[in-house]
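Student: Please choose one part of this model and take a close look at it. I would also like the setting it belongs to.

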Amino acid sequence: MNEKQSERIPAAERREQILAAASLVFGERGYFGATTDQIAKAAGISQPYVVRMFGTKESLFVEVLARASGKLLDTFSAVIQEWKATVGSPDRELGRRLGSAYVNLVEDRGILLSLMQAFSMGHDAVIGERARTDFLKIYRMLRDEAGFAPEEVRTFLAEGMLLNTLLGLRLPERYGADEATTELLECTFQTKLQLVLDVVGDQVAAPSPA
């Protein structure tokens, strides 16, 4: 897509296009390994256009983190509100539904991987502070809106980090290669395993960000 074509796209759509591409590039390459030129190529636009819209790479990464956290919080909120409307009180099934919704986000690989990249940058004054703030928003939502006890939130978040770790390590690509990998993936993803394998298969077949 050239710049003239890009100018015809509504600003909000252009912004989402760049953030979606940046989420994947940052997620795959990390903050320090990614460049605005790689992100521009993945988005199909020029590098100066990315810089003009977001400024620095740091600002773009913060926006990517805000997008990822926002999508996660919106997803959890929708599940919680639906549960309250039909059941009214928290129980283990709500936790399973939230976990299932989290796994469904694997279809946007950039969301989960960019969150992992952000969580590893606690040392950074800007990114680390935003990552801490967003992580605690997730904690408070699970505690206050879902009604989980602190210990239940801890378990839920620990399982979520395990999902991210397995995806970050690309272990689903090795499903069936050995007994330990297969057993761990089946135990972790359970009924969502086939979804994960299908999505990962599609991503492997697709070209990587340049």
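Tutor: Of the 210 residues in the protein chain, 40% are buried, meaning under 20% relative accessible area with a 1.4 Å probe on protein chains only. The model is predicted, so local features need pLDDT of at least 70 and side-chain atom pairs pLDDT 80 or more, while totals for chains, interfaces and linings use all residues. Numbering starts from 1 along each chain as its sequence is written, and side-chain values use heavy atoms, without hydrogens or water.

The chain holds 11 helices and zero strands; helices are DSSP runs of H or I with at least four residues, strands E runs of at least two, numbered from the N terminus. Its C-alpha trace spans about 50 × 40 × 35 Å along the principal axes.

The part to examine is D124, placed in the loop between α7 (109-119) and α8 (127-145). D124 is buried but has no salt bridge, that is, no side-chain nitrogen of Lys or Arg within 4 Å of a carboxyl oxygen of Asp or Glu. The nearest side chain of opposite charge, R132, is 8.1 Å away; Lys and Arg count as positive, Asp and Glu as negative, and His and the chain ends are not counted. Instead of a salt bridge, the side chain of D124 has a link to backbone: at 3.0 Å it reaches the backbone nitrogen of V126. Beyond neighbours within four places in sequence, D124 is in contact with E58 and E129, contact being heavy atoms within 4.5 Å.

Methods: Buried means under 20% relative accessible area, exposed over 50%, partly exposed in between (1.4 Å probe, protein chains only). A polar contact is a pair of N or O atoms within 3.5 Å; within protein, one must be able to donate a hydrogen and the other to accept it, and residues adjacent in sequence count only if both atoms are side-chain atoms.
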